[in-house]
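Thanks, everyone. Let's go straight to the fold and see how the pieces pack together.

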Amino acid sequence: MDLSAFRVFPVLETRRITMRKIKASDAETIFKMRSNSRMNQFVLREDMTAISDAGALVNKVTEAYRNKTGIGWAGVSKDNDQLIGTCGFNRIDNENNRAEIGGEMAVDFWGKHLALEALDAILDYGFTKMKLHSVEARVNPENKSAVYIVEQLGFEREAYFRDRVYFNDEYHDLAVYTLFNY
């Protein structure tokens, strides 16, 4: 794997989005996104209840980049410079040239194919610049939008785990999709 991505943070451009480093000043918008139950319904996590939680998340993402174990981008609309979501390689397995991708988008921007656009650019960067061999996406199978996106990008379902995640007194299934750089 080419670790040069960790020398200078890579800014990615698509037709409608600039993907830049997540900054402390993004914490308020991240808090608004993650405190929205509608956005979290398929992610199986508690809604954020304090802006300090968003600040801690920004610090975690910054530390992962510093340790070469993750790269998190803030997706910013080119129309109005508004943060629309976050996405990136949440876990990077350097030894096996593999990364796990994940992200979230503010509810106001759902249905505009922006996530597909952002993920396509991030995957291209991962495969061409970082020389990843494969990228994994862990998806709640009830999240039809996420399943649609990964399938549109060419991911194949490799595993389906019944009752894999225990959350809010219930068990939930988990599907694992992988895209290989062949």
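Start with the sheet. This is a predicted model, and in it eight strands form an open sheet. Read across, the order is E1-E2-E3-E4-E5-E6-E8-E7. The pairing is mixed.

Which strands stand at the edges? They are E1, residues 12-13, and E7, residues 156-167. Each has a single partner strand, so one side of each is left without a neighbour in the sheet.

Stay with E7 for a moment. Its partner here is E8, residues 170-180, and the two run antiparallel. Eight bridges join them. To find your place, look for Ala159: it stands opposite Val176 in E8.

Now the helix on the sheet. H1, residues 27-34, packs there and touches two strands: E4, residues 83-93, and E5, residues 98-105. The direction of H1 makes about 90° with that of E4.

H1 also meets another helix, H3, residues 51-66. How do we describe such a pair? Two packed helices are described by the angle between their axes and the distance between the axes. For H1 and H3, the axes come within 8 Å and cross at roughly 115°. That makes H1 roughly perpendicular to H3. The crossing is right-handed.

Which residues make the contact? From H1, we have Ala27, Glu28, Ile30, Phe31 and Arg34. From H3, they meet Ile51, Ala54, Gly55, Leu57 and Val58. By class, that contact has seven nonpolar residues, one polar and two charged.

Notes: Residues are numbered from 1 along each chain as its sequence is written. This is a predicted model: local features need pLDDT of at least 70, side-chain atom pairs count only at pLDDT 80 or more; totals for chains, interfaces and linings use all residues. Side-chain values use heavy atoms; hydrogens and water are left out. Two strands pair if DSSP finds at least two bridges between them. Helices (H or I, at least four residues) and strands (E, at least two) are DSSP runs, numbered from the N terminus. Contact means heavy atoms within 4.5 Å. Axes are lines fitted to C-alpha atoms, for helices over the stretch in contact, and angles run from 0 to 180 degrees between N-to-C directions. Angles under 35 degrees count as roughly parallel, over 145 as roughly antiparallel, 65 to 115 as roughly perpendicular and the rest as oblique. A crossing is left-handed if the near helix is turned anticlockwise from the far one by less than a right angle, and right-handed if clockwise. Ala, Val, Leu, Ile, Met, Phe, Trp, Tyr, Cys and Pro count as nonpolar, Asp, Glu, Lys and Arg as charged, and the others, Gly among them, as polar.
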